[in-house]
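I opened my notebook for a first look at a new structure. Come along and follow the entries with the model beside you.

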Amino acid sequence: MAGSLEVVAMDCEMVGVGPHRESGLARCSLVTLSGSVLYDKFIRPEGDITDYRTQVSGVTPQHMATATPFTEARREILQLLKGKLVVGHDPRHDFQALKEDMRGYAIYDTSTDWLLCHEAQLDHRRRVSLRALCERLLHRRIQNNLLGHSSVEDARATMELFHLSQRLRARQKLPCLAVN
């Protein structure tokens, strides 16, 4: 990729929709390179919510009462992602919930960064959880709230891991991603 890209980290929370409880987008958070919140909204998915998954998603019926409709939120989010490097932890699920093909985006995935896995001494695993990487590398526990995950907290954590990966690459004289 020529030039440098602006960077944004994304994390989404999903609820179960329809009789088969397929994942529907219920919250999306985007943070900047510095960790400032760029976007954070609850989103009313298409279809009937049949499982709020509150213990994991943190989403409740009260959040949905004032949620942004999916088509409006999707348009806002995709506009903010356009032309940027999108940082995420296994972001394919987030893009699926957005009903967007991620192949059209520059992606940095913390779940498959071999350098982070090696540094965390977890390189024997194919994929590593965000929680495990944060505990081992950032010395911080995330996703331990009884009220569910925070997509802002998770997006910030992936951005911190991105910064750490960039520092590790520079220290080992490996190519870094060109970013603004």
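My entries below cover a pocket, a pair of helices and a few single residues.

**Before starting.** I remind myself that this model is predicted.

**Entry 1, the largest pocket.** I began by looking for open space. Rolling a probe the size of a water molecule over the atoms shows where empty space is left. The largest pocket came out with a volume of about 440 Å³. Its lining is made of 21 residues, and I noted the ones closest to the centre: Asp11, Cys12, Met14, His93 and Asp94. Next I asked myself which elements give two or more residues to this lining. They are β1 (6-17), α1 (54-57) and α4 (92-97). I also sorted the lining residues by character, and they divide into 6 nonpolar, 8 polar and 7 charged.

**Entry 2, two helices.** Here I turned to α6 (130-138) and α7 (151-171). Two packed helices are described by the angle between their axes and the distance between the axes. For α6 and α7, I wrote down that the axes come within 11 Å and cross at roughly 50°. The two helices are therefore oblique to each other, since an angle of roughly 50° is neither under 35 degrees nor in the range from 65 to 115. I added the hand of the crossing of α6 and α7, which is left-handed.

**Entry 3, positive phi.** I then looked at backbone angles and stopped at histidine 139. This residue is not a glycine, yet its phi is positive, at about 55°. Where does histidine 139 lie? I found histidine 139 in the loop between α6 and α7. Histidine 139 is exposed, because its relative accessible area of 66% is over the 50% cut-off.

Lysine 173 went on the page too. Its phi is near 60°, again a positive value in a residue other than glycine. I located lysine 173 in the segment after α7. Is lysine 173 buried or exposed? With 74% relative accessibility, lysine 173 counts as exposed.

**Entry 4, tyrosine 52.** My last stop was the loop between β4 (49-51) and α1, where tyrosine 52 lies. The relative accessible area of tyrosine 52 is 24%, so I listed this residue as partly exposed. I also checked how far tyrosine 52 is from glutamate 100: the two are 48 residues apart in sequence, and their C-alpha atoms are 22 Å apart in space.

Notes:
Residues numbered from 1 in each chain as written. Predicted model: local features only at pLDDT ≥ 70, side-chain atom pairs only at ≥ 80, totals over all residues. Heavy atoms only, no water. Buried < 20%, exposed > 50% of the residue type's maximum accessible area, 1.4 Å probe, protein only. 1 Å grid on protein atoms, 1.4 Å probe; cavity = no way out; pocket = protein on both sides within 12 Å on 5 of 7 lines; lining within 4 Å. Points joined across faces, edges and corners; volume = space filled by probe spheres on them. Nonpolar A, V, L, I, M, F, W, Y, C, P; charged D, E, K, R; others polar. Axes fitted to C-alpha atoms, helices over the stretch in contact; angles between N-to-C directions. Parallel < 35°, antiparallel > 145°, perpendicular 65-115°, else oblique. Left-handed = near helix turned anticlockwise from the far one by under 90°.
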